[in-house]
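Q: Please walk me through this structure, beginning with the vocabulary I shall need.

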Amino acid sequence: MTLPNLPPDDLFPVTQDSAQALFDWVYAPWVKDLGLTDFVVREGFCAMRLPLGDHLKFFSGAVCGQALMAGIDTVASMAVATSPRLGKGTIYQHTHFLRPAANDDFLIEATVKRFGKASAYVDCSVAFVGSRELVAHAVLEFAF
């Protein structure tokens, strides 16, 4: 099977220098609308800031879980993209929400715990930028 629109060779595997360009090339406009910024990328790791924004909030003022899960999936997939193997996408995501996500920006950090033969296993945390209190924790698996 041939995949259309593969990323240019200079964008993959992702590095600190190519992270923004790969992000701009790969992700859907609504993912970009999350506002993820401050990329930190190294082999098996990615971190980004998710700024608090009214477009992400429920009526209560807390950021909705769907926005956090999309941020988690995005950051984790970028961590997996540090591998020279082209991934096929997320096959599993389990997220625990530990406290209301309100009143601060969020730091999302993803660490690949294992690059296996058929998949990669990723541990991900979401914390308040100011206090570093854990807001959510997720584990994900990506297919190769």
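A: Buried means under 20% relative accessible area, exposed over 50%, and partly exposed in between (1.4 Å probe, protein chains only). This is a predicted model, in which local features need pLDDT of at least 70, side-chain atom pairs count only at pLDDT 80 or more, and totals for chains, interfaces and linings use all residues. Residues are numbered from 1 along each chain as its sequence is written, and side-chain values use heavy atoms, with hydrogens and water left out.

Q: Are F23 and Y27 buried or exposed?

A: Both F23 and Y27 are buried. With F39 they form a cluster linked by ring pairs (Phe, Tyr or six-membered Trp rings with centres within 6.5 Å; planes under 30 degrees apart are stacked, over 60 edge-to-face, the rest tilted).

Q: How many aromatic pairs are there by this rule?

A: The count comes to 4 aromatic pairs. In one of them, the ring centres of F23 and Y27 are 5.2 Å apart and the planes stand at 35°, so this pair is tilted. The pair of F106 and F128 is also tilted, because its planes stand at 35°, with the ring centres 5.8 Å apart. That pair links distant parts of the chain: F106 belongs to strand β4 and F128 to strand β5, 22 residues apart (strands are DSSP runs of E, at least two residues; helices are runs of H or I, at least four; both are numbered from the N terminus). F106 and F128 are both buried.

Q: Which residues touch the most other members of the largest nonpolar core?

A: They are M78 and F106, in a core of 44 residues (buried Ala, Val, Leu, Ile, Met, Phe, Trp, Tyr and Cys joined through side-chain atoms within 4.5 Å). At least two residues each come from α1 (19–26), β1, β2, α3, β4, β5 and β6. Helix α3 gives the most, with 9 residues. Leaving aside residues up to four places away in sequence, F106 has contacts (heavy atoms within 4.5 Å) that include M48, L68, V126 and V135.

Q: Changing topic, what is the order of the strands in the open sheet?

A: The 6 strands run in the order β1-β2-β4-β5-β6-β3, with antiparallel pairing (at least two DSSP bridges between two strands). The edge strands, each pairing on one side only, are β1 (37–42) and β3 (89–97). On average, neighbouring strands are turned by 15° against each other, direction ignored (axes are lines fitted to C-alpha atoms, for helices over the stretch in contact; angles run from 0 to 180 degrees between N-to-C directions).

Q: How many bridges join β3 and β6?

A: There are 8 bridges between β3 and β6 (residues 134–143), in the antiparallel sense. T95 stands opposite A138 in β6.

Q: Where does helix α3 lie?

A: Helix α3 (residues 65–80) lies across β1, β2 (45–50), β3, β4 (106–115), β5 and β6, and runs at about 45° to β4.

Q: And why does S119 count as buried?

A: S119 counts as buried because its relative accessibility is 16%. It lies in strand β5 (residues 119–128). Its side chain makes a polar contact of 2.7 Å with the side chain of E141 (N or O atoms within 3.5 Å; within protein, one must be able to donate a hydrogen and the other to accept it, and residues adjacent in sequence count only if both atoms are side-chain atoms).

Q: Where is R85 found?

A: R85 is in the loop between α3 and β3. Its relative accessibility is 32%, so R85 counts as partly exposed. A polar atom of the R85 side chain lies 3.0 Å from the backbone oxygen of K117.
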